[in-house]
Amino acid sequence: MAQRILEPGQIETLAQRSIPRVRIPDRAQLFAQRGARLRALAQGSSIGDYLSLCAILADAQHAALADFSADLPSAAQIETAQTHRMPPIPAASWPRTPQWRATLQAICIAVALQPRLPDEVARLVTHLRAAAPDELETQADILLGTRASEIDAAVAPFLMAALQVHWVALSSRFVADAVQPLDVPGLCPLCGSLPVASIVYAKTPYQGYRYLHCALCACEWHMVRVQCSQCGAVGKDIAYHSLASASAADAAAPDSAAVRAETCEQCHSYRKIFYQEKDPAVDAVADDLASLALDLLLGERGYARASGNPFLWQAAER
Ligand SMILES: [Zn+2]
Ligand SMILES: [Zn+2]
């Protein structure tokens with residue numbers, strides 16, 4: 001009897017069909033888990049104070065999201081977006097509800113109530129609480145439109161925290177199977193933002209699959225492993241680095257770190273990749289922030305971050 005052998009392309013098609021393409025964030029858990037993770041990572045970290053501050057932001061995000069209501073696009077709007085392979089809740093142009101500014105106020109109050117607040121942070125939240133709505137909307141336009149040269153790096157994490165609440169209130173109401181991928185695999189299929197990092201999951205139905213995590217709406221979308229999430233290069237151009245492998249005596253030993261960076265020789269950029277199998281509590285935003293030392297190592301090795309962390313912005317170069 002003749003055996004039917006599948007061509008590589010057919011195998012890929014079959015495999016793709018069974019992989020869940022999108023993971024929708026759980027609004028009841030996302031920020032609470034991130035806050036807990038940030039607090040755990042703050043212990044013994046050289047940037048523990050900053051991680052603790054971000055944990056307060058995440059807790060305030062969790063509280064604010066509980067009663068944040070945002071209108072979804074209509075069925076017709078979603079269909080139009082999908083027909084044109086556009087994101088249905090685009091970061092840069094979606095009409096924001098003013099409730100995001102109330103969320104920002106709540107986040108600032110939560111921070112202001114903390115004991116032993118550094119003077120600089122106290123000044124920032126005082127400034128933000130008194131800021132005119134127009135000023136905040138302009139800053140939000142700059143952040144979401146990624147006009148990097150105009151971003152106020154000091155206040156950006158607070159604004160991003162409030163804007164994340166707004167977009168998660170939207171994204172968490174989508175149904176994963178109904179979300180269409182975009183033509184650009186490196187952009188969030190719901191809001192069009194860049195991913196902060198990626199996670200390889202350990203539990204079914206996601207076991208062994210890698211998902212990119214949106215920095216704004218927390219939607220996660222599948223991307224095959226050993227492929228650059230920035231330029232799409234594959235194979236020998238892709239390499240992995242970790243703090244453990246950098247200090248290992250045997251450079252050829254298998255890397256079992258939960259936090260690694262995936263570098264690309266084509267575009268010389270990297271994004272981090274977290275392995276849930278190695279650490280079940282990994283969180284894309286929290287673990288990316290806490291592994292700043294790995295960013296420094298990659299910088300020394302000549303690689304640039306493909307995209308930033310919503311809680312850590314570089315001051316604009318002038
Ligand atoms: Zn998104
Ligand atoms: Zn690349």
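Begin by selecting the donor residues of the zinc ion (ligand 1), which are spaced C-x2-C-x22-C-x2-C in sequence. In this predicted model, the protein donors are the SG atoms of Cys 188, Cys 191, Cys 214 and Cys 217, lying 2.3 Å from the zinc ion (ligand 1). If you display the angles at the metal, you will find that the 4 donor atoms subtend 95 to 120°, which makes the arrangement tetrahedral. Two of these donors, Cys 191 and Cys 214, link distant parts of the chain and stand 23 residues apart. Cys 191 belongs to the loop between helix 8 (156-171) and strand 2 (195-200), whereas Cys 214 is in strand 3 (residues 210-214). Colour the two by accessibility next: Cys 191 counts as buried because its relative accessibility is 3%, and Cys 214 counts as buried because its relative accessibility is 1%.

**Strand 2 and its partners**

From this zinc site, move to strand 2, which is mostly covered, with 6 of its 6 residues buried. Show strand 3 beside it, and you will see that the two pair in the antiparallel sense over 5 bridges. To inspect one position of this pairing, select Ser 198 together with Leu 212, its bridge partner in strand 3. Then add strand 7 (residues 269-275), with which strand 2 pairs in the parallel sense over 3 bridges. Here the residue to pick is Val 200, which stands opposite Tyr 275 of strand 7. Keep Tyr 275 selected and bring in Arg 260, whose charged end sits over the ring of Tyr 275, 3.9 Å from its centre.

**The tyrosine cluster**

Now show the aromatic side chains, among which the structure holds 3 aromatic pairs. Start with Tyr 206 and Tyr 211, whose ring centres are 5.7 Å apart and whose planes meet at 85°, so the pair is edge-to-face. Adding Tyr 201 completes the cluster that ring pairs form from Tyr 201, Tyr 206 and Tyr 211. Is Tyr 211 buried or exposed? With a relative accessible area of 0%, Tyr 211 is buried, while Tyr 206, at 22% relative accessibility, counts as partly exposed. Select Arg 23 as well, since the charged end of Arg 23 sits over the ring of Tyr 206, 4.3 Å from its centre.

Stay in this part of the chain for one backbone feature, the peptide bond from Thr 204 to Pro 205, which is cis, with omega near 5°. Pro 205 has its place in the loop between strand 2 and strand 3.

**The zinc ion (ligand 2)**

The next selection is the zinc ion (ligand 2), which is coordinated at 2.3 Å by the SG atoms of Cys 228, Cys 231, Cys 264 and Cys 267. Along the chain, these donors follow the spacing C-x2-C-x32-C-x2-C. The 4 donor atoms subtend angles of 105 to 116° around the zinc ion (ligand 2), which makes the arrangement tetrahedral. When you compare accessibility among the donors, Cys 228 counts as buried at 5%, whereas Cys 231 is partly exposed, with a relative accessible area of 42%.

Two further backbone positions deserve a selection of their own. Val 226 has a positive phi of about 55° although it is not a glycine, and its place is in the loop between strand 4 (220-222) and strand 5 (238-241). His 268, another residue other than glycine, has a positive phi near 55° and is found in the loop between strand 6 (259-264) and strand 7. Val 226 is partly exposed, with a relative accessible area of 39%, and His 268 is likewise partly exposed, with a relative accessible area of 39%.

**Zooming out**

For a last detail, select Asp 295 in helix 11 (residues 292-300), where this residue is buried, with a relative accessible area of 11%. Measuring from its C-alpha atom to that of Leu 41, which is 254 residues apart along the chain, gives a separation of 16 Å.

Finally, display the whole protein, which has 11 helices and 8 strands. Its radius of gyration is 20 Å, close to the 20 Å that the globule rule gives for 318 residues, so the protein is as compact as a globular protein of that length. The C-alpha trace spans about 75 × 55 × 40 Å along its principal axes, and of the 318 residues, 47% count as buried.

Terms used
Residues numbered from 1 in each chain as written. Chains lettered and ligands numbered in written order. Predicted model: local features only at pLDDT ≥ 70, side-chain atom pairs only at ≥ 80, totals over all residues. Heavy atoms only, no water. Donors = N, O, S within 2.8 Å, 3.2 Å for Na, K, Ca; no water. Tetrahedral: all angles 85-135°; square planar, octahedral: opposite > 155°, others 65-115°. Helix = DSSP H or I, 4+ residues; strand = E, 2+ residues; numbered from the N terminus. Buried < 20%, exposed > 50% of the residue type's maximum accessible area, 1.4 Å probe, protein only. Pairing = 2+ DSSP bridges. Phe/Tyr/Trp six-rings, centres within 6.5 Å; stacked < 30°, edge-to-face > 60°. Lys NZ or Arg CZ within 6 Å of the ring centre and 35° of its normal. Rg over C-alpha atoms; globule rule 2.2 N^0.38 Å.
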